[in-house]
2 protein chains.
Amino acid sequence: MANPLQTRFAADDIAQAEHYLAHEPPTDIDPRIERLVNELIGRIADKWTLLVLELLEEKGTLRFTQIGRQVEGISQKMLTQTLRQMERDGLLTRTVHPVVPPRVDYALTPLGNSLSAAFCGVWVWAERNLETVEAARATFDARD
Amino acid sequence: MANPLQTRFAADDIAQAEHYLAHEPPTDIDPRIERLVNELIGRIADKWTLLVLELLEEKGTLRFTQIGRQVEGISQKMLTQTLRQMERDGLLTRTVHPVVPPRVDYALTPLGNSLSAAFCGVWVWAERNLETVEAARATFDARD
DNA sequence: TGCTGTAGTTACCCAAAGGTGAGAAATGGC
DNA sequence: GCCATTTCTCACCTTTGGGTAACTACAGCA
């Protein structure tokens with residue numbers, strides 16, 4: 001495959017993300033909405049949330065330990081915390097099966113799916129500009 | 001205006017972001033690229049970087065104190081730190097005018113502009129789903 | 001003479017994020 | 001009777017993020 005992202009997002013999403021590369025400078029905005037949106041983005045755009053979001057988007061329904069094994073470096077505490085927060089925000093459903101040992105399934109809601117899709121543009125950007133950023137850093141670090 | 005985001009992003013970008021709401025579940029991806037992209041996103045998606053990015057996108061070229069005044073709550077230290085990091089990543093240019101008192105101008109590079117555009121989908125999502133998320137939280141908090 | 005303004009740097013400190021390890025509860029298997 | 005399994009919670013501790021305040025350099029201005 002030419003582009004790894006083609007296996008993650010629908011071709012449609014990727015095609016649309018390409019358009020982002022040329023757009024007009026904007027003007028002012030309602031500061032009240034701005035602050036609410038900022039708060040929401042600050043909550044959502046943290047490392048673990050992003051990783052869990054993408055994993056569930058990829059794999060569908062998973063249980064607690066499966067997620068823990070596949071999200072590299074996450075501790076039990078942070079996994080619980082992240083999942084609770086995402087459940088509270090309506091991004092995923094948590095299904096407890098009353099068996100022993102316990103079994104809890106996690107899956108994205110449509111809202112979670114749409115958030116994952118919204119981040120498609122950022123993933124596309126990151127993948128496309130990875131080397132540009134690396135080069136910029138090297139140049140910056142090399143100057144006196 | 002019906003939609004505040006219309007003043008921030010080009011109509012074209014917003015139209016494309018709408019398409020993100022329906023897309024197919026994806027499959028696997030090269031883990032090496034995945035880790036690099038994750039690292040890059042983790043670096044970029046922090047609160048202050050996002051706010052400075054959007055401000056410069058809105059206002060064009062600004063000097064140090066102008067940014068400090070308009071990014072609510074940022075300290076001098078964090079502002080310097082954020083701007084340096086963004087400059088290092090090639091997202092903005094820093095132009096020092098050798099006058100006294102000092103004058104330093106900051107402006108986004110094309111790379112910075114494209115990153116701001118890539119986040120358009122997320123802003124659109126956040127604005128559109130603000131109330132859905134609030135409602136989900138209220139429901140979650142109300143259950144025993 | 002001394003105050004003002006810009007764009008920082010540095011040192012010190014506090015609070016929050018996050019890691020570690022223990023325990024809990026219930027049941028099936030040895 | 002005891003151990004493993006699963007999904008947590010809790011207590012404790014370290015690391016990091018980030019705030020505050022002091023200090024710089026130089027020119028203009030009163």
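Which strand has a phosphate oxygen 2.8 Å from a polar side-chain atom of A:R84? Select A:R84 to find out: the phosphate oxygen belongs to DNA strand D.

This is a predicted model, in which local features need pLDDT of at least 70, side-chain atom pairs count only at pLDDT 80 or more, and totals for chains, interfaces and linings use all residues. Residues are numbered from 1 along each chain as its sequence is written, chains are lettered from A and ligands numbered from 1 in the order in which they are written, and side-chain values use heavy atoms, with hydrogens and water left out.

Next, select A:T65, where a polar side-chain atom also lies 2.8 Å from a phosphate oxygen of DNA strand D. Two or more residues of the surface near this strand come from each of α4 (64-70), α5 (76-88) and β3 (103-108) of chain A and α5 (76-88) of chain B. Helices (H or I, at least four residues) and strands (E, at least two) are DSSP runs, numbered from the N terminus.

Now show what surrounds DNA strand D: 18 residues, the closest being A:Q76, A:R94, A:Y106, B:S75 and B:K77. Here, near means that a heavy atom of the residue lies within 4 Å. Of the strand's atoms within 4 Å of the protein, 61% belong to sugar or phosphate.

Finally, select A:F119. Its contacts (heavy atoms within 4.5 Å) include A:I44, A:L50, B:F119 and B:V122, leaving out residues up to four places away in sequence.

Methods:
Polar contact = N/O pair within 3.5 Å; in protein donor to acceptor, adjacent residues only side chain to side chain.
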